[in-house]
Amino acid sequence: MNMRINKQTGEWLEREKQINFTYEGKKFTAYEGDTITSALWASGEKVLGRSFKYHRPRGVLSLANHDINVMLTDGVDTNIRGDVITVKEGMSLTAVNTLGGVKKDNLRYIGKLLSPFLVVGFYYKAFFRPRFMFPFWENIIRHGAGLGKVNFNYPRIPKPKLNEHYDVLVVGAGPSGLAAALAASLDKQLKILIVDENKQAGGSLGYDRAGSVTPQSQLEELLSEVNITPNITLRTDAYAGAYYTDHLIPIIEFSGITKVRTKTLIIATGVFEQPPVFRNNDLPGVMNGSAAQRMIYRYGIKPFNDGVVFTANDYGYRVALDLIHAGTNVKAVVDLRKTPVSSILTRELANHDIRIYSGHCVYEALATSDDMAVKGVVICPFDEETNQADSEQSFTIECDGVAMSAGWASAAALLYQSGMKVKYDYTIEQFIPDSLPNGIFAAGKVNGVYDFDQRIADGARAAAEAMRYMGMDNAPVITVQAHSNVSPSHSFPVVPHPKGKNFVDFDEDIQAKDFINAAKEGFDNIELMKRFTTVGMGPSQGKHSNMNAIRILARIRELPVEKIGSTTSRPFFHPTPIGHLGGRNFHPVRQSSIQSWHADAGAVFVDVGAWSRPAYYQKPGVDLAEIIQQESMAVHNAVGIIDGSSLGKIEVCGPDAAQFLEKFFTGKFADQKVGEIRYALSIDESAVVADDGIVSRVKDELFYITIGTSNAAMVYREMQRWLQMWQLDVGLINVTGSYGIINVVGPKAVHVVSSLTQDPLVSKLTAGKVGETIISEVPVRIMCVTFVSNIGYEIHVPADSMLAVWEKLIKAGTAYDIRPFGTDTQRLLRLEMGHYLPAYDTDGLTIPYELGCESELAMDKPFFVGQRSLKILAKKTLKKRLVPFVLADNFSGQMPEDCNLVIENGEIKGRVTSISYSSKVDRVIGFAYVDPNKVEAGSQFEIRTDNGSMVKATVVNTPFFNSKKEF
Amino acid sequence: MKLLKCPINGTRPISEFVYGGTYRDMPDHEIVTDSEWASYVHYRDNAPGLKKEWWYHGPSGTWFIAERNTLTDEVKDTYLFNKLVEQESVK
């Protein structure tokens with residue numbers, strides 16, 4: 001049946017453009033601008049979806065962008081919101097969550113037959129025992145209850161994030177929001193943005209007309225003023241999704257998210273209409289009064305042919321007049337209140353011969369034989385004092401639709417998220433802001449202001465306050481009159497019915513009795529009740545149910561409503577596609593200046609801290625373990641080369657440079673000679689090992705430090721902090737990116753390096769020394785470091801010249817079969833040398849005494865970071881010590897791994913920190929923490945492996961390969 | 001996302017900053033008892049309220065002090081360390 005009526009002024013349709021689409025296999029036509037819901041309703045289609053739990057047929061409830069029962073799929077997208085998304089040519093839609101189609105949904109028997117058993121908390125109680133059966137039940141429940149199915153072949157559609165900045169962000173383009181923007185715009189310097197989730201601005205002014213033309217002309221006047229104001233941007237079809245700290249608001253549109261940072265925020269989001277609770281209030285055809293009004297004026301649809309208005313405020317009378325305007329035969333207005341107050345509206349209705357039943361309720365809506373529509377309502381007297389319906393005196397009126405007006409709840413999600421404190425205003429029976437955080441203002445109905453003129457004034461007041469907050473002291477002082485009419489909301493619009501099915505939450509199919517049962521079970525706090533009943537936990541987050549839930553709980557607990565409080569709905573305000581939130585795969589890594597050389601040489605890269613480093617170089621047909629042994633043997637027998645550019649590099653210069661290092665590290669540097677390098681250990685104030693490195697004294701007042709790759713940023717940061725506190729005459733420069741490091745190691749390294757330069761410095765350079773020279777026209781620092789081999793040169797090259805030097809070294813090394821190696825081999829080599837690695841062999845509690853590195857602690861210095869704590873720790877008994885160990889010759893069996901425990905007499909004594917097979921030593925070697933009395937070489941301990949077997953290990957001296965004869 | 005004002009670079013998004021812990025005045029290590037030192041190193045007054053905190057602006061390498069109310073998460077003031085030293089010396 002066609003429900004479309006004549007063109008309405010201000011309607012959102014373009015009637016000259018027709019659109020064809022299908023729904024559940026049936027063809028429909030619509031106009032450009034129709035939502036899926038409006039297009040179907042205009043064609044007489046009433047069953048638009050099935051409910052979440054009982055699979056009851058559902059139609060339109062609010063038509064306010066949160067009708068969660070109408071969700072559809074086109075095969076690609078799922079959970080398409082029927083009341084929000086406009087129809088497009090060729091769409092092929094089906095309702096989600098049905099078995100056999102929306103009309104013949106076989107799961108409807110859940111609601112018909114099983115619902116007496118599906119009491120609140122049923123799932124929690126019924127399916128958790130026996131536990132092994134839970135996956136079986138879970139599978140069935142998940143198929144029955146739920147929303148759409150995810151399409152795993154969904155195309156990747158990038159949605160870039162935009163950033164914008166404003167002085168004033170107004171959320172909601174109703175009269176108050178528009179008035180606020182206009183008032184603020186008088187200061188031409190201010191940049192103002194208004195956003196509204198609807199396709200067109202205006203809010204309730206666009207549809208709450210009471211059959212009059214005045215509201216629409218008021219709206220047009222406001223909008224034309226906004227449109228000619230250059231410093232106001234009005235963006236519709238864009239909703240403020242959330243409030244984040246310091247006024248960051250994501251504005252969500254079809255194309256993606258704009259992150260708006262605003263100096264001030266004016267929330268003029270209005271109110272959500274709350275349905276009264278009565279039996280079968282969910283039948284298709286029963287809808288909120290404002291839903292009927294939106295249908296009429298936005299989409300030019302007559303909501304129903306014969307209608308009954310069930311009201312508990314004056315808005316129902318306005319709705320009745322709008323229905324009459326649309327051509328609906330209004331058969332009765334049923335008012336829960338004894339005495340309707342507004343005489344003008346009652347008189348107007350009387351002019352239309354509409355019967356008003358005061359002090360009556362709709363006791364229940366009656367379903368057609370197929371359960372899919374309304375065929376009438378049962379009306380009976382109602383006593384507001386006792387909340388009793390007198391069903392003995394009931395009578396029936398036939399109709400195909402019911403419009404409900406019982407009251408409103410603030411659309412205050414963003415205000416709650418921002419930290420608003422609320423109070424309950426009894427003159428309007430609504431929660432309103434009591435105090436708001438700095439820079440946030442509320443205006444209009446969300447602020448408890450209902451009268452049209454006062455809403456305009458309230459918008460201007462909020463704007464003036466925002467301007468004062470921004471320092472404009474001359475902003476006007478505007479007073480808004482307190483609400484003087486009858487309350488727009490009823491205090492308890494709940495009609496009891498012994499047979500139930502009087503729904504409070506339509507998302508989750510929660511009935512009035514579910515609250516009573518939940519309270520009986522002890523879930524009588526609003527937060528507990530929310531979780532037990534799941535009220536407000538559906539996709540609309542309680543937009544239509546929260547206030548009724550609070551009122552019911554207040555009555556159960558015999559408390560005033562404000563004592564119950566409200567739950568905070570979380571971001572996002574409306575369901576937001578996950579694709580909007582996903583970011584780019586943006587994971588920056590630092591690379592050496594010769595990264596492409598490594599790649600060409602077959603390097604397999606690994607992330608080390610912020611860097612991507614070669615782990616090893618692939619050889620065809622050789623497995624990883626073998627490659628590492630080969631690379632390490634190349635170093636032991638001839639020469640290897642590794643790119644160490646990722647090491648942190650810091651220059652410390654100035655007259656106090658040595659003094660600074662003495663305070664920062666544990667060792668001594670004042671007596672370090674120019675041309676010398678020293679080991680440096682850094683500990684924190686509690687004496688926990690932070691990192692270690694090498695300090696080169698390049699000049700008298702210039703030290704050059706290299707520190708571990710992953711801790712470099714942290715060490716540099718701490719240096720900067722201590723320098724501020726000590727106020728020394730020192731300059732710190734992080735030169736990590738400026739230099740590349742080439743490490744040439746092994747017995748033939750000296751031949752390779754010295755072949756590149758005539759400078760005798762290089763051939764004479766001995767362990768522990770550093771010098772500066774020129775290699776093929778490149779100035780370099782070169783130092784002898786024995787970290788991975790007894791003979792090794794670290795060549796520090798300006799990063800942009802690194803490739804030339806590296807290639808020369810490779811060329812010079814060809815004669816000695818020089819082999820590049822990566823971090824995997826480096827770890828093995830340093831282990832063979834017997835060097836521990838901070839963060840690898842230490843953890844967040846390791847102190848130097850546990851490493852046995854007392855010789856690095858210059859306790860005779862007047863001060864260094866951590867020294868005072870060391871003095872305390874020195875007096876305490878050590879609990880564990882790090883020792884080098886080997887496993888038995890030809891060990892076979894379950895291989896111990898990092899973090900396997902060292903166990904003695906059933907007690908944990910320590911753990912393995914590094915372990916590997918070494919070809920050079922021909923043993924499995926490693927580091928482990930053991931009991932401090934097992935430190936001597938030859939001591940034995942046991943490691944428990946992953947399969948529980950105990951493996952004997954023997955403590956040895958380092959380097960491992962020197963002490964080979966000892967075992 | 002929060003904003004924070006670096007005394008050198010102005011107001012920047014919080015992602016550019018590193019928290020450095022509550023500022024603590026180091027006692028004279030030569031005269032304090034072991035337990036006094038241990039409480040300096042390990043004890044943190046976690047009671048909510050106005051705290052002096054170390055913050056670090058990463059891109060510019062600037063350490064500074066932020067006076068932040070940890071109850072309301074409001075930053076009252078930010079300044080370089082030497083201003084703190086001046087304040088302390090006035091006292």
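Me: Before chain B, what counts as a helix or a strand here?
Reply: Helices and strands are DSSP runs, at least four residues for a helix and at least two for a strand, numbered from the N terminus. The model is a predicted one.

Me: OK, in what order do the elements of chain B run?
Reply: From the N terminus on, the order is β-β-β-α-β-β-β-α. That gives chain B two helices and six strands.

Me: What box do its C-alpha atoms fill?
Reply: Along the principal axes, the C-alpha atoms of chain B take up a box of roughly 40 × 25 × 25 Å.

Me: And what share of chain B is buried?
Reply: Of its 91 residues, 13% are buried. As for contacts with a separation of 6 or more, 43% in chain B are between residues 24 or more positions apart.

Me: How many residues does each chain put into the A–B contact?
Reply: Chain B gives 16 residues and chain A gives 15 residues.

Me: Which elements of chain B are on that side?
Reply: Those giving two or more residues are strand E3 (17–22), helix H1 (34–42) and strand E4 (50–57) of chain B. H1(B) has the largest share, with five residues.

Me: What's the split by class there?
Reply: The side of chain B that touches chain A has 10 nonpolar, four polar and two charged residues.

Me: Switching to cores. Which residues touch the most other members of the largest nonpolar one?
Reply: Ala180(A), Ile266(A), Val362(A) and Val402(A), in a core of 171 residues. Helix H11 (residues 452–469) of chain A supplies its largest share, eight residues.

Me: What is Val362(A) in contact with, leaving aside neighbours within four places in sequence?
Reply: Its partners are Phe278(A), Val308(A), Phe310(A), Val334(A), Val377(A), Ile379(A) and Val402(A). Another core, of 93 residues, lies apart from the largest one and includes Val730(A), Val788(A), Ala928(A) and Ala953(A).

Me: Now the barrel in chain A. In what order do its strands run?
Reply: The order is E43-E46-E45-E44-E47-E48, a closed barrel of six strands with antiparallel pairing. On average, neighbouring strands of this sheet are turned by 45 degrees against each other, direction ignored.

Me: How many bridges link E45 and E46 of chain A?
Reply: Six bridges, in the antiparallel sense, between E45 (residues 907–918) and E46 (residues 923–930) of chain A. Ser916(A) stands opposite Ile925(A) in E46(A).

Me: Which helix packs on that sheet?
Reply: Helix H24 (residues 823–833) of chain A, which touches E45 and E46 of chain A. The direction of H24(A) makes about 115 degrees with that of E45(A).

Notes: Residues are numbered from 1 along each chain as its sequence is written. Chains are lettered from A and ligands numbered from 1 in the order in which they are written. This is a predicted model: local features need pLDDT of at least 70, side-chain atom pairs count only at pLDDT 80 or more; totals for chains, interfaces and linings use all residues. A residue is buried if 20 or more other C-beta atoms lie within 10 Å of its own, exposed if 12 or fewer, and partly exposed in between; C-beta atoms are placed from the backbone. Two residues are in contact if their C-beta atoms, placed from the backbone, lie within 7 Å. Ala, Val, Leu, Ile, Met, Phe, Trp, Tyr, Cys and Pro count as nonpolar, Asp, Glu, Lys and Arg as charged, and the others, Gly among them, as polar. A nonpolar core is a set of buried Ala, Val, Leu, Ile, Met, Phe, Trp, Tyr and Cys residues joined through C-beta atoms within 7 Å. Two strands pair if DSSP finds at least two bridges between them. Axes are lines fitted to C-alpha atoms, for helices over the stretch in contact, and angles run from 0 to 180 degrees between N-to-C directions.
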